[in-house]
Amino acid sequence: MSRYEAGVAEPKWQKAWTDKGCFETADIESPGGDTRPKYYVLEMFPYPSGRIHMGHVRNYAMGDVVARAKSAQGFAVLHPMGWDAFGMPAENAAMERNSHPAKWTYANIDAMREQLKAMGLAIDWSREFATCDPEYYAQQQALFLDFLDADLLTRKSATVNWDPVDMTVLANEQVVDGRGWRSNAPVEKRELTQWFFRITDFAEELLEAIDTLDGWPEKVRVMQRNWIGKSRGIEIPFALTDAAQGMEVVECYTTRPDTLRGASFIAISPEHPLSVALSETDTTIAAFRDECRLAGTSEEALEKAEKRGIGTGLSVVHPVYPDRTLPVWIGNFVLMDYGTGAVFGCPAHDQRDLDFARKYELPVANAFHMPGESVDVGDEALVPTKSETVVYVDHFAGLGETTSAEGIDATIDWMEARGLGTGQVRYRLRDWGISRQRYWGAPIPVVHCDACGIVPEKKENLPVRLPDDVTFDRPGNPLERHATWKHVACPACGMDATRETDTMDTFVDSSWYFARFCSPRATTPTNRAEVDRWLPVDQYIGGIEHAILHLLYSRFFARAMAKTGHLSPESVEPFKALFTQGMVTHETYSRTVKTNEGVERDVFFTPDEVSRDEEGVMRDASGEVITVGPTIKMSKSKRNTIDPEAIIARFGADTARWFMLSDSPPERDVEWTEAGAEGAARHLQRVWRLVTETAAKLNGAQGTATGASDLRKTTHRAIHAVTDDIAAFRFNKAVAQIYGLTNAVSQTDGKDLMALREAVEVLILLMAPMTPHLAEEAWAALGHDTMVVETPWPKADPALLVDDQITMPVQVNGKKRAEIRVDAKADKTVVEEAALADDAIQKLLDGGSPKKVIVVPGRIVNVVL
RNA sequence: GCGGGCGUAGUCCAACGGUAGAGACAGAGGACUUAAAAUCCUUCCAGUGUGGGUUCGAAUCCCACCGCCCGCACCA
């Protein structure tokens, strides 16, 4: 009997699918029009780093299962693939190799495309594009111009990290301990005028619509809500007793105006205009500001930083109690870019304020007590939740017992009515700055003209192409120093002008690619007929790391595109359902070695470099004992990666796919183990054996399965369960069901040939979304001359899903004591009689009668004594 | 600190509030074999992190605690 040779079968069927164009999705305007319901399944497109990793295998295996199952179930499926191809790694590689980012990127794409194709994915490759293709970024530039026209863009000043040696702007992650990652030079803050998408205009809409995203994980919805960070509060002007530095008031923002009675000081940010002004004449304040700036760079410092402050000598009048004055402090914990950069401190109801007050001996006064208590605050601030009931001192924010939420609302109304403050709704969300001072991104299509100002490039001149003749051998942006590129005529007046040399954030590229896939060659950003047919994406699959930025930006972009006519207003939520898959993990292998300096450090080994000896001890090639470390996410630094290409070469793509979908629920982490992979491969061989044996037994026999044998019942139950499990993303359970069916087939006597054939064919069809190559090979072996990809999904016969007679457990006081066989449709009284008539139950009843008998039809009987 | 999630056999995981086991991995024994691999058969193993509560009945719902994971965080 022959073994299944994945190495032969997989390329064969991949070619057969491609030759027949099985996965190419027709345009809506194509002749004959596809009237099937649509289904758009999309996995987050990869960055072309050069090689696929196991995370890709898992992500794309899941998407492929959905795509193939939906296709078999009668949907017109759109399942495209592309490349998120702009970004810094390409520039870094170009610097290292003295090459060009495009060369590196497109070579990586070629390599990764081959690797993905070896996975046998049901992808419409005719729609492939990379975001660095001029055809793509031309349309992105067109969108930019339309957004500019629709007032969805603005220009304002923003602070960037500037590397004075490399003469470049650094992303936050490129700043290590306050120094540039390459140059190691201290990073400077610089103010640059940059482009921003006005995403904050949509803050409320983006927040409210989260409630409609019921196909999204709750976790992601919570993260988006927190990111938008809506709060209701009030801005209160505190009048300075003596105007200082030309300022008469300090505006404070608070979400807890109900605590205003307990205010005992004002704290302003070191960056507050008043602090800045004071530091010009006061050297102590200047020194304090300098200290804060130094301490404030690293996150670690922020976390540990002690709450410190310095008095300004100024004071303000309490707006509600004009006879009270409050001192003004500068506090290192007050952030300039949140609220107004100034807060009032209420030590009684804020732990941070209390710490500060105790340290600098400032008064502490309660604004409220818990009902029935009136103990003053000691070392711990009294901070009840807003829904808890409190009693306000002096009825400050409410009579009698009231919740803080009511107190807050009452105070805002009361203060607004008296002109003491302005109620405000604020969002944590900031406008999205997209200007990047880099080469490898989509150029921002505007020209700076001395006479006309900022002039949009004309659409007919798009794309504003990146020049090819650039070098990375010198610091700075190659676009900036290119001899001719930026020198252009003004599109408006024709005079000499300068092209903008900033490029767009790569998040822009990924914020609309899902729409572009609907008509990837259109000469406008979208073709309305196509996007209206395909959007929204019915199922989006990717990593949780994109839970906030990418998904929020895409939601914004869809709205902006709808506003500018590129999408239907019905498509403002681009992803109907989202699934976030878990990571792929592996054991780590390490050994502690001493360096020449005598320092001990751990050296990590790849799974290939270690093996177990006869005693089961892990050793490296030289025989040294290796420590097996924790199972963690595959990463280059811990060297615990498994190369998908090697796995596919050794076991085949189907085995890799099958194992990735087995055992662990898709949203959880999955551990890659050698044993697990071998087990998956064994199962595929076992299925193949069953297929060839069945084909031999059938020997061409024709006919239809009839009757209600156990095998047929098992078969149809498997159809039912696997169909449900795939639809609900329970791939691990679908796999378990298929194992169960496999066991049933191999244990059957095989006398009912037609039932056997039905079972094996169903097995193949159910496995097909996960192991498509094996399915095709098996299908052909069973004598079919059509392909599985052209075969409809099997349908479960409802009659075979139910039993006539069922076994019901009988409990006495919650403990199982007997089993009875009853008719499945028997009514409660019949079941109750049967249960009480059981010998074991009779014995326990001991002649008495039960207090109560609970019959759950089809489930259980419980007798209460 | 705030928010979310997870704790079930040696391991990964199942179980509409209703018989704790679908499935896999590993282990043990056996069959086949000159032997091994492959294959097949049989089989061992937990009472669900801990403590309460609700219920006829709790892995499942509620409360508290313990442990692990993931977000967010001087957010006023």
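Biologist: In what order do the strands of the open sheet of four strands lie?

Modeller: This is a predicted model, in which local features need pLDDT of at least 70, side-chain atom pairs count only at pLDDT 80 or more, and totals for chains, interfaces and linings use all residues, while side-chain values use heavy atoms and leave out hydrogens and water. Residues are numbered from 1 along each chain as its sequence is written, and chains are lettered from A and ligands numbered from 1 in the order in which they are written. Helices (H or I, at least four residues) and strands (E, at least two) are DSSP runs numbered from the N terminus, and two strands pair if DSSP finds at least two bridges between them. With antiparallel pairing, the order is β4-β3-β7-β18.

Biologist: Which are the edge strands?

Modeller: An edge strand here pairs on one side only. That description fits β4 (168–170) and β18 (432–433).

Biologist: Which residue in β4 stands opposite asparagine 161?

Modeller: Strand β3 (residues 153–163) runs antiparallel to β4 and is joined to it by three bridges. Opposite asparagine 161 in β4 stands leucine 170.

Biologist: Which residues around RNA strand B come nearest?

Modeller: A residue counts as near the strand if one of its heavy atoms lies within 4 Å of it. Of the strand's own atoms within 4 Å of the protein, 56% belong to sugar or phosphate and the rest to bases. Among the 43 residues around the strand, those that come nearest are Thr255, Lys307, Leu335, Tyr338 and Asn862.

Biologist: Which side chain has an N or O atom 3.1 Å from a base nitrogen of RNA strand B?

Modeller: Polar side-chain atoms also approach the backbone, with threonine 254 lying 2.8 Å from a sugar or linking oxygen and arginine 686 lying 3.3 Å from a phosphate oxygen. The side chain 3.1 Å from a base nitrogen is that of arginine 859.

Biologist: Which residues does proline 665 touch, beyond those up to four places away in sequence?

Modeller: Proline 665 lies in the loop between α19 (653–661) and β32 (670–671), and is buried (under 20% relative accessible area with a 1.4 Å probe, protein chains only) because its value is 18%. Counting heavy atoms within 4.5 Å as contact, proline 665 touches Arg58 and Asn732.

Biologist: Why is helix α24 largely enclosed by the rest of the structure, and what does its cover include?

Modeller: Helix α24 (residues 772–781) is largely enclosed because eight of its ten residues are buried, including His773 and Trp779. The cover over these buried residues includes α1 (6–20), α2 (54–72), α19, α20 and α23 (753–767).

Key
Buried < 20%, exposed > 50% of the residue type's maximum accessible area, 1.4 Å probe, protein only. Polar contact = N/O pair within 3.5 Å; in protein donor to acceptor, adjacent residues only side chain to side chain.
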